[in-house]
Each structure stands twice: as C-alpha cells, then as structure tokens.
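Hi everyone, thanks for coming. I'd like to walk you through a structure that is new to most of us, so have a look at it first.

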Amino acid sequence: MNLVEGEDNIKAWLLQAGFQRGDLRSEQLIEERSNCPMTWACRKGQLSVCQWLFEMGAARDICRANDKGTTPMIVACQEGHLSVCKWLVEVGAAEDISKSNNSGYTPMLWACQEGHLAVCKWLVEVGAAEDISKADNKGYTPMLWACQEGHLSVCKWLV
C-alpha cells in the first residue's frame, strides 16, 4: 500500500487502506475488520494522522487491540516509530507498553526483533524493563529474535 503524505490526503489514504467514508473510530467499523484507522496510522508512523484521528473522536482506539491482540503500541514499536510510541503514552496508552498480543509478542520483543534500539531503550525508560527476558508463546525471547535477525547493537544492549 502506498501511503499518501499530508493532512489533505488523509481521507484518500484511509480509502486506499480499505476503510469506508466515516470509518474513523473502531465502533463504526464492520465486524470483519481486524485493524482500525488508528492502528494503520501507528503502523505507518503517521503521527499527524494519529493526532487527527484522536481529535476526531477515535481516542478509545489508542488501546484497541485487533482480533490478534495487536495494539497500536505494538505496531508502532514493531515499525520503530518512536515519536508515535511516545505520543501514545502521552494520550493514555501507557499500560500497553508491556501488553502482549495473542502470540505473546510484547512491544519489546517486536522492537528487538526488528532492531529498533532507540525504541527498546525508551521502553525500558518508561517501565518495560522486565520484558527484556519475557518470551513469546513459543519460548522465543527478545535476545533470540535479535540474534536470529542479526541485530548486533540490540544484542549487545540486551546483555
């Protein structure tokens, strides 16, 4: 999916992502949708879109998990969007810094797996230090994922 930049193109971007007009808040979405616009904006690191959606009434979506248990915080950490992560905490998603999805993936595990060292460090600063050794449902820890993916700086930091 090509992400269109700029606030004037937010509606076009939402339509391109498959949302219908008016689908700004999760309660307006049909049951089959697994992600709300807030989650998509967090995944793409579109802080201005996140803020706009929040102002348009999607405040409850900052902590909304999809059908796989994935929250906006998880996807922001997975993609390394530190500014979005910080904003989510500022507006009420602080409890999500250690929340895992249905597979046991925490924001820390995703950040380590994807090599986002700045996000890892920030997660520890805001209270997710215990997640450094927390394994997913298959028993894989952040260290195992960082090693598998070749993220030496994350491996050294974890030690």
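**Cysteines, a pocket and confidence**

Let's start with one residue: Cys120 has 0% relative accessibility, so it counts as buried. Keep in mind as we go that this is a predicted model.

Now, is Cys120 bonded or too far for a bond? A disulfide is a covalent bond between the sulfur atoms of two cysteines. Here the closest cysteine sulfur to that of Cys120 belongs to Cys112, and it sits 3.6 Å away. The cut-off for a disulfide is 2.5 Å, so that pair is too far for a bond. Cys147 is in no disulfide either, with the sulfur of Cys155 the nearest one at 3.5 Å. Cys147 does get some exposure: its relative accessibility is 45%, so we call it partly exposed. And the count of disulfides by this rule? Zero.

Okay, on to the pocket. The largest one holds about 150 Å³ of space. Which residues lie nearest its centre? Those are Arg43, Asn66, Lys68, Thr70 and Asn101, out of 12 that line the pocket. If you sort that lining by class, you get eight polar residues, two charged and two nonpolar.

Last thing, how confident is the predictor? The mean pLDDT of the protein is 86, with 79% of its residues at 70 or more. Residues 28-33 are a stretch to watch, since pLDDT there is below 50. In the model, that stretch still has 12 contacts beyond near neighbours in sequence.

That's my tour, thanks for listening.

Definitions and conventions
Residues are numbered from 1 along each chain as its sequence is written. This is a predicted model: local features need pLDDT of at least 70, side-chain atom pairs count only at pLDDT 80 or more; totals for chains, interfaces and linings use all residues. Side-chain values use heavy atoms; hydrogens and water are left out. On a 1 Å grid over the protein atoms alone, a cavity is a set of points where a 1.4 Å probe fits but cannot get out, and a pocket is an open set with protein on both sides within 12 Å along at least five of seven lines; lining residues have an atom within 4 Å of a point. Grid points are joined across faces, edges and corners, and a volume is the space filled by probe spheres set on the points. Ala, Val, Leu, Ile, Met, Phe, Trp, Tyr, Cys and Pro count as nonpolar, Asp, Glu, Lys and Arg as charged, and the others, Gly among them, as polar. Buried means under 20% relative accessible area, exposed over 50%, partly exposed in between (1.4 Å probe, protein chains only). pLDDT is the predictor's confidence in each residue, from 0 to 100. Contact means heavy atoms within 4.5 Å.
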